[in-house]
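Visitor: I am new to this structure. Please show it to me and explain the terms as we proceed.

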Amino acid sequence: MSPRAKGWVRSAVDYGGPLAFLIAFLLTRDTIKATWALVAASGVALAVGYVVEKRIAPMPLVAGVAALIFGGLTIVFHDERFIKIKPTVLNLGFAAFLLGGLLLKRNPLKALLAGAIHLPDPIWRVLTVRYGIFFVFVAVLNEFVWRTQSTEVWAYFRFPGLQVLAVVFSLTQVPLMMKHALPGEAPPPPPTE
C-alpha cells in the first residue's frame, strides 16, 4: 500500500468515529443513534487500521476503546451523559499519563514520539508539561460545553472543534521544537486526539 493510501487509512482510524457520530447526529438529531454510529465506526476503524498497518498505534487504540466503552454505556443506559463525558475522561487520562510519567522520572511524550524528533531532555519535559496542561484544559472545556450548551453545539465542539484546538496548540509548540531540534531534523506533524 502506498504511503498516501496509508495516510488516508490513518486519518480514517483517527477521525472515523467522531465524524460518524457528527453525521449521524446531524441526520437523526438523536444522540443514542449517533452513538451507535460512533461505536460501529470506531470498531471498523480499529480493525482496518490493524489490517493495513499490522498494528494499532497507542493513541487511536485508547481513543477507540474509550469510544466503545462510553458508547456502550450510552447505548445500554440510554443516557447521553456517558458519551459527553468521554472526552473529559480521555483527556484527563492523557494528562495523568504525561504528568504522572514526569513525576516518576520518565518521559512519556518522548517515548510516544519514538525517535521522530530528537530534543534535549529538558525540552521534552517542557513539552510534556505543556501537553499535560493542554489536556486538562480540554477536559475542563468539554465539561463546560456539554453542561451549558445544546447537544448540537457540543457535537460540533467534539468534532471538529477539539481537533482544531489540538492542531492549533501543537502548531504553537513547533517553534520550541525547531529551536532545539538537532540540525537537519524537522519536527513531527502535530499530534491530535
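**Rings, burial and a helix**

Guide: Phe-21 and Phe-25 stand four residues apart in helix H1, so about one helical turn separates them. This is a predicted model, in which local features need pLDDT of at least 70 and side-chain atom pairs count only at pLDDT 80 or more, while totals for chains, interfaces and linings use all residues. Residues are numbered from 1 along each chain as its sequence is written, and side-chain values use heavy atoms, with hydrogens and water left out.

Visitor: Why is Phe-21 called buried?

Guide: Buried means under 20% relative accessible area, exposed over 50%, and partly exposed in between (1.4 Å probe, protein chains only). Phe-21 has 4%, and is therefore buried; Phe-25, also at 4%, is buried too.

Visitor: What makes the pair of Phe-134 and Phe-135 tilted?

Guide: Rings of Phe, Tyr and Trp (its six-membered ring) pair if their centres lie within 6.5 Å; planes under 30 degrees apart count as stacked, over 60 as edge-to-face and the rest as tilted. The centres of Phe-134 and Phe-135 are 5.8 Å apart and their planes meet at 55°, so the pair is tilted.

Visitor: Why is Ile-23 called partly exposed?

Guide: Its relative accessible area is 45%, so Ile-23 is partly exposed.

Visitor: How do you know that the span of helix H3 agrees with the expected one?

Guide: Helices (H or I, at least four residues) and strands (E, at least two) are DSSP runs, numbered from the N terminus. The expected span is 1.5 Å times one less than the number of residues. For the 20 residues of H3 (residues 58-77) this gives 28 Å, and the end C-alpha atoms are 28 Å apart, so the two agree.
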